[in-house]
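Please open the model in a viewer and keep the selection tool at hand. The tour proceeds from one selection to the next.

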Amino acid sequence: MAVKSGSTRPGILPPSRRMSDAVRDALRRPLASLRLSVTDRCNLRCRYCMPEDEYVWLPRTSILTFEEIARLTSVFTGLGVQKVRLTGGEPLLRHDLPTLVAKIARNPRVNDLAMTTNGLLLGKQAAALRAAGLQRVTVSLDTLRPERMLAFAKSARHADVLEGIAAAQRAGFDRLKLNAVVIRGFNDDELADLIEFARAHAAEVRFIEYMDVGGATRWSRDQVVSQREMLEVLARRYGAIEPVHATGDDDRAPAERFRLADGTTFGIIASVTAPFCRTCDRSRITADGTWFLCLYARAGIDLREPLRHGVSDDELASLIRETWQGRTDRGAEERLGIADRGALYRIDSLRADPHREMHTRGG
Ligand code: SF4
């Protein structure tokens with residue numbers, strides 16, 4: 001059955017009760033949002049994520065099955081998680097993804113089921129994903145110029161991304177978000193164009209500061225276009241820009257939202273210059289079942305081994321609860337204090353442990 005965006009599904013639990021019940025970390029942040037990477041593979045080679053020619057992939061036998069992912073999700077939602085986002089790599093490279101979506105959508109504690117995709121394969125799959133119960137889609141769209149995508153992501157398939165966006169809208173994904181990583185000298189002259197494109201497609205664009213995460217081996221501070229700079233550029237074009245004050249669930253969302261005089265809204269994720277670790281309620285599970293409490297965490301917790309060696313759901317829940325209660329991660333805020341900040345990892349270090357890659361952790 002198709003689910004309307006923003007609708008409440010039968011059997012869903014009241015949000016207020018679940019939030020107050022959520023397990024909290026050492027800084028009182030709830031375990032509320034889970035990003036599930038379903039594959040570490042990607043069909044683009046974006047410079048801010050996968051700029052190299054060769055990668056070390058997770059062994060196929062280590063990749064969690066749909067049943068294992070659904071079971072883990074169920075344990076997490078029993079501890080307070082309400083929001084689930086499917087990521088990759090590129091999640092649509094995982095065969096038969098609508099079947100996984102349907103399994104997760106049946107969980108009554110999940111009140112927000114979303115996916116982030118590069119859009120290349122969305123044209124063919126949007127309707128099936130919607131019918132399976134996916135509620136929201138975010139499409140990465142860093143540039144409106146095909147020749148820039150070719151240079152920057154090594155792909156000539158810009159038209160497929162646009163078709164993916166159109167297909168998502170035809171399928172009824174009416175709160176579509178478009179993510180653009182802004183990099184000086186690459187696409188920082190397209191801010192207004194992207195706002196106009198989003199407006200014309202009833203979508204909302206979110207500009208993301210270029211982050212020094214694992215995989216961004218060519219990162220340097222001077223390529224980061226700060227939130228302040230983006231707002232200055234846009235104010236010169238559009239006039240006064242107002243902040244949109246967050247309410248409810250939005251107050252833990254990573255994007256700060258803004259409104260132009262004509263009512264058009266957009267977001268900025270200022271992970272580099274104004275990190276939001278103090279409200280961070282999200283964690284990530286890789287396709288092989290490694291749980292990361294922070295995008296910058298050096299190591300993760302292996303949930304696959306216990307899952308495959310007969311532990312009960314209660315035992316898994318205890319492991320997850322105790323681990324989250326000890327969480328003190330504030331990766332981006334700690335990076336802020338580093339004077340000579342450069343790329344987080346060199347390529348040899350990433351090859352030694354692919355779990356350090358952002359495309360493995362799910363961004
Ligand atoms: S750096 Fe870590 S703690 Fe901070 S917002 Fe990102 S994932 Fe959360």
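Begin with the ligand in this predicted model and select the residues around the ligand: Phe276, Cys277, Cys280, Arg284, Cys294, Leu295, Tyr296, Arg327, Asp329, Gly331 and Ala332. Coloured by class, this shell shows 7 nonpolar, 1 polar and 3 charged residues.

Keep Tyr296, one of the residues around the ligand, and add Asp212. The side chains of Asp212 and Tyr296 are joined by a polar contact of 2.6 Å. Display Arg335 as well: the side chain of Asp212 makes a polar contact of 2.8 Å with the side chain of Arg335. Asp212 itself belongs to the loop between strand E6 (204-209) and helix H8 (227-238). Is Asp212 buried or exposed? With a relative accessible area of 0%, below the 20% cut-off, Asp212 is buried. Leaving aside residues up to four places away in sequence, Asp212 touches Trp219, Tyr296, Arg335, Arg341, Gly342 and Leu344.

Next, select Glu90, in the loop between strand E2 (83-87) and helix H3 (97-105). Glu90 is buried but has no salt bridge. Which side chain of opposite charge is nearest to Glu90? That of Arg157, at a distance of 9.7 Å; a salt bridge would require a separation within 4 Å. The side chain of Glu90 does reach the backbone nitrogen of Leu92, at 3.0 Å. To view the surroundings, display Thr39, Arg41, Cys42, Asn43, Thr117, Asn118 and Gly119, which Glu90 touches when residues up to four places away in sequence are not counted.

Now inspect the backbone at Gly89, in the loop between E2 and H3. The peptide bond from Gly88 to Gly89 is cis, with omega near 10°. Such a bond deserves a look because most peptide bonds are trans.

Two backbone angles follow. Lys154, in the loop between H5 and helix H6 (158-170), has a positive phi, near 55°, and is not a glycine. Lys154 is partly exposed, since its relative accessibility is 46%. Move on to Ala202, in the loop between helix H7 (191-200) and E6. Ala202 is likewise not a glycine and has a positive phi of about 50°. Its relative accessibility of 58% is over the 50% limit, so Ala202 counts as exposed.

Finish at Pro146, in helix H5 (residues 146-153). Pro146 is partly exposed, with a relative accessible area of 46%. Draw a C-alpha to C-alpha distance from Pro146 to Ala159: the two are 13 residues apart in sequence and 7.8 Å apart in space.

Key:
Residues numbered from 1 in each chain as written. Predicted model: local features only at pLDDT ≥ 70, side-chain atom pairs only at ≥ 80, totals over all residues. Heavy atoms only, no water. Helix = DSSP H or I, 4+ residues; strand = E, 2+ residues; numbered from the N terminus. Buried < 20%, exposed > 50% of the residue type's maximum accessible area, 1.4 Å probe, protein only. Lys, Arg positive; Asp, Glu negative; His and termini not counted. Polar contact = N/O pair within 3.5 Å; in protein donor to acceptor, adjacent residues only side chain to side chain. Contact = heavy atoms within 4.5 Å. Near = heavy atom within 4 Å. Nonpolar A, V, L, I, M, F, W, Y, C, P; charged D, E, K, R; others polar.
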